[in-house]
Amino acid sequence: MEEVTINKVRAAINKQLGRVFPGADIYDEEIKQDLNEPAFFVALLDSSHTHELNRRYKRTHFFDIHYFPQESPFLNYHLNEVAEKLYTNMELVEYGSTYLLGENMKHEYLGGILHFFIDYTISIHKEKENIPKMESLMQDREIKEGNDG
C-alpha cells in the first residue's frame with residue numbers, strides 16, 4: 001500500500017470538496033486578501049501517531065474546514081445547508097483505491113464563517129525490516145585449567 005501522508009490526506013479532502021462544491025475556491029496554504037467567495041480553507045489543526053501492536057500504528061489528522069460564504073440576506077440558512085452537505089459528503093473521502101473515514105464531526109459559526117471539524121484516522125502497517133541473517137559464526141575459545149589443589 002502506498003504511504004499515507006498529511007499532504008495526500010489534505011489533497012483527498014480538497015478533491016472531495018471540489019466535487020461537492022464545484023463553484024467554490026479551495027485554499028490549503030494561506031488565505032490571501034483577495035479571497036474569492038464562496039471559498040474553503042482546509043487547515044490541519046493537529047496530528048497524532050500511536051503505536052498499537054507489533055508493526056501497527058494509528059495516525060489521526062484533525063482538520064478544520066473553514067467555509068467563507070458570499071454575502072447573503074439568508075446567511076444562517078445558507079451556512080446550515082453547507083454544514084449538512086459537509087456532514088453527508090465528508091464522511092467517506094476517496095483516497096487512491098480506498099476511502100478515508102471521517103469521524104468526530106462537528107461545526108460552529110464564528111463571525112459569519114463556518115468551521116467544520118473532522119478527524120481522519122489511518123491504520124499504518126510498517127514493513128518488517130529486511131535484516132540479513134548471519135551466514136556463519138566463528139568462535140575462538142580457550143580452555144583454562146584450574147588449580148585443583
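In the predicted model, a nonpolar surface patch is formed by L92, Y99 and L101, whose accessible area together amounts to about 310 Å². Of these residues, Y99 is located in strand β5. Y99 is classed as exposed because its relative accessibility is 52%, the cut-off for this class being over 50%.

L92 belongs to strand β4, which spans residues 92–95. The two faces of β4 differ in their surroundings: V93 and Y95 lie on the covered face, whereas L92 and E94 lie on the uncovered one. Strand β4 is joined to β5 (residues 98–110) by four bridges, and the two strands run antiparallel. Within this pairing, E94 of the uncovered face has Y99 as its bridge partner in β5. The two strands constitute a hairpin in which two residues separate β4 from β5. In the turn, G96 adopts a positive phi of about 65°.

On pairing with strand β6 (residues 113–125), β5 is again antiparallel, here over seven bridges. One of the opposed pairs consists of E108 and H115, the latter in β6.

These strands are part of an open six-stranded sheet with the order β1-β2-β3-β6-β5-β4 and mixed pairing. The edges are occupied by β1 (25–27) and β4, each of which pairs on one side only. Direction ignored, neighbouring strands of the sheet are turned by 30° against each other on average. In general, strands of a sheet pair through backbone hydrogen bonds, in either a parallel or an antiparallel manner.

Terms used: Residues numbered from 1 in each chain as written. Predicted model: local features only at pLDDT ≥ 70, side-chain atom pairs only at ≥ 80, totals over all residues. Heavy atoms only, no water. Buried < 20%, exposed > 50% of the residue type's maximum accessible area, 1.4 Å probe, protein only. Pairing = 2+ DSSP bridges. Patch = residues over 30% accessible without salt bridge, like charges linked within 9 Å, V, L, I, M, F, W, Y side chains within 5 Å. Areas by Shrake-Rupley, 256 points an atom, 1.4 Å probe, with all protein chains shown as cover. Salt bridge = Lys/Arg side-chain N within 4 Å of Asp/Glu carboxyl O. Axes fitted to C-alpha atoms, helices over the stretch in contact; angles between N-to-C directions.
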